[in-house]
Amino acid sequence: MTQVTLETISNLAKKRGFVFQSSEIYGGIRSAYDYGPLGVELLRNVKEQWWRSLVQQRDDVVGLDSAIIQARAVWRASGHEEVFTDPMVECRNCNTRHRLDKLEDPEQCPSCGKRGTFTEPRQFNLMFKTHMGPVEDEDNLVYLRPETAQGIFINFENVRRSNRMKLPFGIAQIGKSFRNEITPGQFVFRTREFEQMEMEFFCRPEEADEWFNYWVEHRFSWYTDLGIDPDKLRLRPHDADELSHYSAGTSDIEFLFPWGWDELEGIANRTDYDLKQHTEHSGEDLRYFDQETNERFFPYVIEPAAGATRTTFAFLIDAYTEEEVNEETRVVLRLDPRLAPYKAAVLPLSKKPELIEPAEKIATELRRKWMIEVDTTQSIGRRYRRQDEIGTPYCVTVDFDTLEDHAVTVRDRDSMAQERVSTDRLLEYLSGLLDR
Ligand code: ATP
């Protein structure tokens, strides 16, 4: 297992175009990041795998894409306006602010090291405020959503009716959320703008425990199936005193980050809290009517809530490997091919037109199915290194023999084994390796 530091991974992310500091040319804005050409592909692939697993490959979950700005009443009903807070303390010595429940020592300031300098904790609401329309007054105050879940609850009846959904069923959503975190940090782990992947699974109250266990297991396997080392994953049930205001039980899936175990995803039993609250506040009856038993009741909800950006970061860390090859260090991102930004790189051995031309032709053919890079710069060895570092599973080398035998060399990223493959079989050959 390679132990990677935060610095190594953020340097690689910048150098290879995965993640850049936002507004960098203006000195950077803290806690916001931009995803570069490779990062955006990786992030999209992570979301795509989640969507396939939770929506497209099932018949009991459907998707949704709700607005980021919703009626303020939503956040009153959900409880966020009142209790979506973190306890904040300020150091009287160095004036830095900290989130009390995340401090290693609640008496000592992590910035200046002084003890006993904190103010009394104050509850700080994490929702970003803005105004809808030209008048900036209290009546026009709106929030940027701090979770995607409420957009699902308020559309429960729309989705149920329009798609004739019967319990148990789920509604899934991927999108941006915003939290004015007191202490963002650890690169993209905790940012103020981030992306979530959430699913609300509605079921009969008596079946909630069973579905909770089902989703915990399902979500855990999603990470290991996509290649995360099971030794770097663990499940941690919340203690009663750390449960969110809506939860009857939560288990976190945690990953071993460079600084220790930390949350990737929370799976919560939200009970009937949200549907009841919205019924009470909106006056719309959000109970479910069971035609077979003639009962009307509030379903319970099991929610797997993951961070898309945070999970992408974990995949990057987990994939990072250093190994000795011929007395040189080789850096390899052992990303699952489904997540890798490029599925293959086509590398003409020389810049001569007679090689560039067939290389371009091969790339055009392969692009019918995958993201493909053509790289013509530098020595072949350096080009292999670069592809290893960005996690490209296969390199296809076009050499002078190709002109005679109409075959190319396919190199495997992980084993570095090479195989000669005829160009007219190449698409089929790579499909055998890449299609899942
Ligand atoms: P914490 O207690 O660490 O602030 P949380 O338990 O409140 O987080 P949830 O509300 O359960 O987080 O959010 C679900 C998921 O959304 C988290 O597991 C995480 O992956 C992601 N997430 C939450 N906040 C952030 C953030 N500030 N930056 C990046 N991802 C986040």
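**A ligand held among strands**

In this predicted model, the side chains of Asp290 and Arg204 are joined by a polar contact of 2.6 Å. Asp290 belongs to strand E14, which takes in residues 288–290. With a relative accessibility of 11%, Asp290 falls under the 20% cut-off, so this residue counts as buried.

Stepping back to the whole chain, the protein has 436 residues, and 52% of them count as buried. The chain is built from 13 helices and 23 strands. Taken along the principal axes, its C-alpha atoms fill a box of roughly 75 × 65 × 50 Å. One pair of residues gives a feel for distances inside that box: Thr96 and Tyr384 sit 288 residues apart along the chain, and their C-alpha atoms are separated by 46 Å. Thr96 itself lies in the loop that runs between strand E4 (85–90) and strand E5 (97–99). Its relative accessible area is 24%, and buried would call for a value under 20%, so Thr96 ends up as partly exposed.

Now for the ligand. A shell of 17 residues surrounds the ligand, and the closest of them are Glu181, Arg190, Thr191, Glu263 and Leu264. Sorted by character, the shell comes out as eight charged residues, five nonpolar and four polar. Two of the closest residues also turn up when polar atoms are paired off. On the Glu263 side, an N or O atom of the side chain is 2.6 Å from an oxygen atom of the ligand. With Leu264 the backbone does the job: one of its polar backbone atoms lies 2.8 Å from a ligand oxygen. Phe189 also takes part through its backbone, where a polar atom is 3.4 Å from a nitrogen atom of the ligand. As for cover, the ligand on its own has 610 Å² of accessible area, and the protein covers 87% of this.

Which elements give two or more residues to the shell around the ligand? They are strand E10 (193–203), strand E13 (260–271) and strand E16 (300–307). E13 gives the most, with four residues.

These strands are also tied to one another. E10 and E16 pair in the antiparallel sense, with six bridges between them, and in that pairing Phe202 stands opposite Val301 of E16. E13 also runs antiparallel to E16, and six bridges join the two; here Ala268 is the residue that stands opposite Glu303 of E16. E16 therefore pairs with both E10 and E13, and seven of its eight residues are buried, so this strand is largely enclosed by the rest of the structure.

The chain then goes into helix H9, which spans residues 308–319. H9 has 12 residues and reaches 16 Å from its first C-alpha to its last, close to the 16 Å expected at 1.5 Å a residue. H9 is mostly covered too, with 12 of its 12 residues buried. An α-helix has 3.6 residues a turn, so residues three or four places apart point the same way. In H9, the buried set includes aromatic side chains at Phe313 and Phe315, along with Leu316 and Ile317. Charged residues are found in the buried set as well, among them Arg310 and Asp318. The other buried positions of H9 are Ala308, Thr309, Thr311, Thr312, Ala314 and Ala319.

Conventions: Residues are numbered from 1 along each chain as its sequence is written. This is a predicted model: local features need pLDDT of at least 70, side-chain atom pairs count only at pLDDT 80 or more; totals for chains, interfaces and linings use all residues. Side-chain values use heavy atoms; hydrogens and water are left out. A residue is near a molecule or strand if one of its heavy atoms lies within 4 Å of it. A polar contact is a pair of N or O atoms within 3.5 Å; within protein, one must be able to donate a hydrogen and the other to accept it, and residues adjacent in sequence count only if both atoms are side-chain atoms. Accessible areas come from the Shrake-Rupley method with a 1.4 Å probe; for residues, only the protein chains shown count as cover. Buried means under 20% relative accessible area, exposed over 50%, partly exposed in between (1.4 Å probe, protein chains only). Two strands pair if DSSP finds at least two bridges between them. The expected span of a helix is 1.5 Å times one less than its number of residues.
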